[in-house]
Amino acid sequence: MIRKLLATGSVLAAMAAAPAAAADVSACLITKTDTNPFFVKMKEGATAKAEELGIELKSFAGKVDGDHETQVAAIETCIADGAKGILLTASDTSSIVPAVKQARDAGLLVIALDTPLDPIDAADATFATDNFKAGELIGQWAAASLGDEAANAKIAMLDLGISQPTVGVLRDQGFLQGFGIELGDPNKWGDETDPRIVGNDVTAGNEEGGRKAMENLLAKDPMVNVVYTINEPAAAGAYEALKAIGRENDVLIVSVDGGCPGVQNVKDGVIGATSQQYPLLMASLGIEAIKAWADNGTKPAPTEGKDFFDTGVALVTDKPVEGVESIDTAKGMDLCWG
């Protein structure tokens with residue numbers, strides 16, 4: 001499955017076959033932060049592909065996850081610099097839309113990476129994990145792991161931010177559906193009525209945020225036994241909060257990202273299962289698409305049947321369950337973060 005996934009790059013590579021002078025093509029990468037390992041790997045993929053294709057790449061990042069203003073300023077800089085395209089992981093997926101429109105009106109190709117804009121067609125294209133599927137996989141795994149006790153679960157939901165960016169909503173709602181919990185409005189989190197949900201808190205996608213959110217939800221119900229986390233840094237923080245009260249071994253933590261540190265945490269038993277993404281692939285395909293746009297005005301097409309280009313997802317766990325396809329941590333380590 002993964003081998004097939006990695007071959008998808010050939011589609012865009014063919015689009016980018018016509019040469020262009022390096023001085024003629026520049027691109028921008030704008031990520032939520034430059035410290036999260038996910039975005040570090042994304043930058044690595046974009047940088048390597050830009051060097052290969054002779055594209056000048058400038059990188060920008062918010063100070064923290066949620067730093068919308070810095071991302072807007074970066075878009076304005078890219079327009080002024082005459083960039084051909086922007087790769088963007090938006091902190092605020094709806095508020096960024098006017099700035100994205102300004103860039104597109106100026107002739108730049110704007111590709112959302114990992115996090116779809118709201119609406120998704122505000123960008124020219126989106127290269128992303130199926131984030132709902134990523135959440136659904138860890139929800140199915142958690143429910144199957146608990147068996148009959150899933151009916152008595154006490155679930156803490158550690159989300160991303162109060163602005164509810166699309167990536168956070170999709171993973172949250174996917175997890176709940178996978179676990180067997182009826183959704184309210186699938187376009188937002190926190191309106192579900194299932195009594196198994198102890199509550200939602202936000203983490204900013206980092207370890208300290210995960211620790212604080214976990215502490216808050218433990219104060220609400222100290223018998224939490226399932227923890228959904230938006231990403232692996234948040235999961236690491238949640239684990240530390242549980243360890244501080246001696247409950248690190250009797251709570252099931254699940255997450256999304258599949259970075260090398262996260263896969264190691266699965267191997268070590270900190271996280272039960274995680275859904276692995278491929279940020280390096282997202283970014284390298286994005287650079288190829290900007291090259292093709294500069295060469296001949298070609299825009300990338302979405303995956304058939306979807307409104308985005310699906311870069312794939314795989315559940316990583318060393319405790320597989322029947323009915324949920326997964327790979328083990330040895331394979332996960334081989335693939336992190338392609």
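This short talk walks through a cavity, the two helices that line it, and three single residues in a predicted model.

I will start with the empty space. Rolling a probe the size of a water molecule over the atoms shows where empty space is left. In this model the count comes to one cavity of 30 Å³ or more. The largest cavity holds about 110 Å³ of space.

What lines it? Lys32, Asn36, Phe38, Phe39, Asp65, Asp114, Leu160, Val167, Arg171, Ile230, Asn231 and Asp257 line the largest cavity. Sorted by class, that lining has five nonpolar, two polar and five charged residues. Two helices, α3 (37-53) and α7 (166-179), each supply at least two residues of the lining. I will take these helices in turn.

First, α3. Its 17 residues should span 24 Å at 1.5 Å a residue, and the end C-alpha atoms are 24 Å apart, so the two values agree. At the N-terminal end, Asn36 acts as the cap, with a side-chain oxygen 2.8 Å from the backbone nitrogen of Phe38. Asn36 and Phe38 are also among the residues lining the largest cavity. After α3 comes Gly54, which has a positive phi, near 75 degrees.

Which residues of α3 are buried? They are Phe38, Phe39, Lys41, Met42, Gly45, Ala46, Lys49 and Ala50. On the spacing in that list, an α-helix has 3.6 residues a turn, so residues three or four places apart point the same way. The cover over the buried residues of α3 includes the strands β1 (26-31), β2 (56-61), β4 (109-113) and β9 (252-257), together with helix α11 (279-296).

Now α7. With 14 residues at 1.5 Å each, α7 should span 20 Å; its end C-alpha atoms are 20 Å apart, so expectation and model agree. This helix is mostly covered, with twelve of its 14 residues buried. Those are Thr166, Val167, Gly168, Val169, Arg171, Asp172, Gln173, Gly174, Phe175, Leu176, Gly178 and Phe179. Val167 and Arg171 are also among the cavity-lining residues. Covering the buried part of α7 are, among others, α6 (131-146), β6 (155-159), β7 (197-202), β8 (226-229) and β9. Just past the helix, Gly180 has a positive phi of about 100 degrees.

A little further on is Leu183, in the loop between α7 and β7. Leaving out residues up to four places away in sequence, Leu183 touches Gln173, Leu176, Gln177 and Glu192. The C-alpha atoms of Leu183 and Asp194 are 8.8 Å apart, with the two residues eleven places apart along the chain.

Next is Ala244, in helix α9 (residues 232-244). Is Ala244 buried or exposed? Its relative accessibility is 67%, so Ala244 counts as exposed. Its C-alpha atom is 9.8 Å from that of Glu215, a residue 29 places away along the chain.

The last residue is Thr317, in the loop between β12 (314-316) and α12 (329-335). Thr317 has 2% relative accessibility and therefore counts as buried. A polar atom of the Thr317 side chain lies 2.9 Å from the backbone oxygen of Gly272. Setting aside neighbours within four places in sequence, the contacts of Thr317 are Trp141, Val266, Gly272, Ala273, Ser326, Ile327, Asp328 and Thr329.

To recap the single sites: Thr317 is buried, whereas Ala244 is exposed. That is all I have for today.

Technical notes: Residues numbered from 1 in each chain as written. Predicted model: local features only at pLDDT ≥ 70, side-chain atom pairs only at ≥ 80, totals over all residues. Heavy atoms only, no water. Helix = DSSP H or I, 4+ residues; strand = E, 2+ residues; numbered from the N terminus. Buried < 20%, exposed > 50% of the residue type's maximum accessible area, 1.4 Å probe, protein only. Polar contact = N/O pair within 3.5 Å; in protein donor to acceptor, adjacent residues only side chain to side chain. Contact = heavy atoms within 4.5 Å. 1 Å grid on protein atoms, 1.4 Å probe; cavity = no way out; pocket = protein on both sides within 12 Å on 5 of 7 lines; lining within 4 Å. Points joined across faces, edges and corners; volume = space filled by probe spheres on them. Nonpolar A, V, L, I, M, F, W, Y, C, P; charged D, E, K, R; others polar. Expected span 1.5 Å × (residues − 1).
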